[in-house]
Amino acid sequence: MDHPGDTMTTSHQIILLAHGSSDRRWCETFERLAAPTLHSVEHSAIAYMELAEPSLETIVSQGKETGTLNFTIVPLFLAAGRHLRKDVPAMIEELENQHGVSIKLADPIGQNPQLGDAIRDVVMQELAGTIA
């Protein structure tokens with residue numbers, strides 16, 4: 001697993017992308033959601049589209065410095081709205097041109113049916129806790 005300061009070159013990095021907020025509590029929520037992936041998937045990081053650090057540009061720049069040339073962005077968004085249809089693709093194009101890397105944009109996490117199962121499980125746990 002990558003740790004700050006590692007100089008090991010990797011050919012691919014996963015980036016979990018959240019919108020971002022100036023409210024640190026908001027960011028902490030996404031950092032908790034990302035933690036299992038960050039601990040289990042080598043060469044993974046969380047980045048924010050705007051209003052928080054690390055930014056997408058920061059993560060790609062750091063990756064390039066250690067030799068990473070391929071990135072996959074997994075958006076922590078429920079659906080593909082304007083940000084994922086226009087803003088993020090424009091950011092990707094600029095980053096690819098600026099850093100000479102390849103960046104794939106995956107579907108938003110909300111399109112994965114497993115998220116619906118996870119929501120159901122949370123609801124069932126809540127119901128189990130309220131039924132005496």
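In which sense do strand β3 and strand β4 pair, and over how many bridges? Strand β3 covers residues 70–75, strand β4 covers residues 102–105, and the two pair in the parallel sense over 4 bridges. Please keep in mind throughout that this is a predicted model.

Let me stay with this pair for a moment. If you look for I73 in the structure, you will find L105 of β4 standing opposite. To get from β3 to β4, the chain passes through helix α3, residues 82–99, and this β-α-β crossover is right-handed.

Helix α3 also holds L95. Is L95 buried or exposed? Its relative accessibility is 5%, and buried means under 20%, so L95 counts as buried. Between L95 and A47 there are 14 Å in space, taken from C-alpha to C-alpha, and the two are 48 residues apart in sequence.

I turn now to strand β1, residues 12–18. This strand is mostly covered, with 6 of its 7 residues buried. Which strands does β1 pair with? One partner is β3, which runs parallel to β1 and is joined to it by 6 bridges. Within that pairing, I14 has T72 in β3 as its bridge partner. Another partner is strand β2, residues 44–48, also parallel to β1 and joined to it by 5 bridges. Here A18 is matched with Y48 in β2. The chain travels from β1 through α1 to β2, and this β-α-β crossover, too, is right-handed.

The next topic is empty space. Rolling a probe the size of a water molecule over the atoms shows where such space is left. The second largest pocket contains about 410 Å³ of space. It is lined by 13 residues, and those closest to its centre are L33, A34, L76, I109 and L115. Which elements give two or more residues to this lining? They are α1, residues 24–40, and α4, residues 113–130. Helix α1 supplies the largest share, namely 5 residues. Sorted by class, the lining has 10 nonpolar residues, 3 polar residues and no charged ones.

Charged residues do appear in my last topic, the salt bridges. How many salt bridges does the count give? The count comes to 5. I shall describe three pairs.

The first pair I would show you is R25 and D23, whose side chains meet in a salt bridge at 3.0 Å, N to O. Is R25 buried or exposed? R25 has 60% relative accessibility, and the exposed class begins over 50%, so R25 counts as exposed. Its partner D23 has a relative accessible area of 29% and is therefore partly exposed.

Next come E31 and R24, which form a salt bridge with their closest N and O atoms 2.7 Å apart. E31 is partly exposed, at a relative accessible area of 26%. R24 is partly exposed as well, with a value of 41%.

Finally, please find R120 and D121. In their salt bridge, the closest N and O atoms are 2.9 Å apart. R120 is partly exposed, with a relative accessible area of 45%, and D121, at 36% relative accessibility, also counts as partly exposed. Which residues are linked in a network of salt bridges here? The network links D117, R120 and D121.

To close, I return to the strands: β1 runs parallel to β3 and to β2, while β3 pairs in the parallel sense with β4. Thank you for your attention.

Definitions and conventions:
Residues numbered from 1 in each chain as written. Predicted model: local features only at pLDDT ≥ 70, side-chain atom pairs only at ≥ 80, totals over all residues. Heavy atoms only, no water. Pairing = 2+ DSSP bridges. Right-handed = clockwise from strand over helix to strand, strands pointing away. 1 Å grid on protein atoms, 1.4 Å probe; cavity = no way out; pocket = protein on both sides within 12 Å on 5 of 7 lines; lining within 4 Å. Points joined across faces, edges and corners; volume = space filled by probe spheres on them. Nonpolar A, V, L, I, M, F, W, Y, C, P; charged D, E, K, R; others polar. Salt bridge = Lys/Arg side-chain N within 4 Å of Asp/Glu carboxyl O. Buried < 20%, exposed > 50% of the residue type's maximum accessible area, 1.4 Å probe, protein only.
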